[in-house]
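Trainee: Could you take me on a close look at one part of this predicted model? I'd like to hear about helix H2 and what surrounds it.

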Amino acid sequence: VKINANIGCSSVRSSLDGEIEKMKVALQAGADAMMDLSTGGDLDEIRQKLIALCPVMFGTVPVYEVIVGRSVEDIDYKTILQIVEKQAKQGVDFFTIHAGLLREHLELVSSRLFGIVSRGGALMAKWMVHHNKQNPMYELFDDLCDIMREYDVCFSLGDGLRPGCIADATDAAQIAELRTLGELTQRAQERAVR
């Protein structure tokens with residue numbers, strides 16, 4: 001079993017010292033990886049300090065920083081790539097990227113009891129509906145691979161259509177996304193990205 005501990009400052013209530021303490025407790029409990037989900041405070045300072053103190057793999061969800069200070073509708077390709085590269089340069093070991101949820105999968109969600117429960121998945125879905133375009137993470141996948149290969153960052157391909165309840169498990173939406181994630185895994189491997 002791999003234990004991935006989630007920590008992170010919010011814009012409402014948290015502190016860098018509090019996140020460092022959470023990280024220490026998670027490591028003492030046997031965490032194999034640390035995931036910074038910060039959405040508030042000085043994100044660069046928080047990330048750099050946590051990376052400096054973290055002895056295990058350290059990951060982020062770059063779209064969480066992409067959304068800070070802008071609406072989903074305002075996300076553009078340039079901003080995504082800039083933030084991904086910045087975080088890679090800072091020493092992040094792995095990124096959760098929600099690239100498997102495609103525009104054609106959205107209609108499959110309508111019969112679900114719980115809809116989309118993934119924050120990253122919901123952000124991508126809202127962006128696709130607003131722009132009437134394909135998932136930007138899917139469209140940028142080769143560019144993301146290039147950045148990740150250059151800085152030795154691994155993918156953690158996010159499951160934006162994971163089920164929120166048993167009734168939604170292994171439904172058409174989840175299976176469709178899993179097929180896309182399989183395709184993306186092969187594309188990443190072909191580009192020498194883990």
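Mentor: Here is a walk from the sheet to the helix, and then on to the empty spaces.

Bear in mind that we're looking at a predicted model. Start with the sheet, since H2 lies across part of it. This is an open sheet of five parallel-paired strands, in the order S1-S2-S3-S4-S5. S1 (4–7) and S5 (154–157) are the edge strands, each with a single partner, so one side of each has no neighbour in the sheet. On average, neighbouring strands are turned by 30° against each other, direction ignored. Over at the S5 edge, S4 (residues 94–97) pairs with S5 through four bridges, in the parallel sense, and Ile97 sits opposite Leu157 there.

Now for the helix itself. H2 covers residues 43–53 and lies across S1, S2 and S3 (57–60), running at about 160° to S3.

H2 also has a helical partner, H4 (residues 77–90): their axes come within 10 Å and cross at roughly 30°. The crossing is right-handed. If you want to find the contact on screen, pick out Asp44, Arg47, Gln48 and Ile51 on the H2 side, then Lys86, Gln87 and Gln90 on the H4 side. Sorted by class, that contact has one nonpolar, three polar and three charged residues.

Two of those names come up again when you turn to the cavity: Arg47 and Gln87 are both in the lining of the largest one. The structure holds one cavity of 30 Å³ or more, and the largest cavity has a volume of about 50 Å³. Along with that pair, the lining takes in Asp36, Leu37, Ser38, Leu43, Thr60, Val61, Tyr64 and Glu65. H2 gives at least two residues to this lining, and so does helix H3 (62–66). By class, the cavity lining divides into four nonpolar, three polar and three charged residues.

Val61 leads us on to the largest pocket, as one of the five lining residues closest to its centre, with Met35, Thr96, His98 and Arg162. This pocket has a volume of about 200 Å³ and is lined by 17 residues. Here the elements giving two or more residues are S1, S4 and helix H5 (119–131). The pocket lining comprises five nonpolar, eight polar and four charged residues.

Key:
Residues numbered from 1 in each chain as written. Predicted model: local features only at pLDDT ≥ 70, side-chain atom pairs only at ≥ 80, totals over all residues. Heavy atoms only, no water. Pairing = 2+ DSSP bridges. Axes fitted to C-alpha atoms, helices over the stretch in contact; angles between N-to-C directions. Contact = heavy atoms within 4.5 Å. 1 Å grid on protein atoms, 1.4 Å probe; cavity = no way out; pocket = protein on both sides within 12 Å on 5 of 7 lines; lining within 4 Å. Points joined across faces, edges and corners; volume = space filled by probe spheres on them. Nonpolar A, V, L, I, M, F, W, Y, C, P; charged D, E, K, R; others polar. Left-handed = near helix turned anticlockwise from the far one by under 90°.
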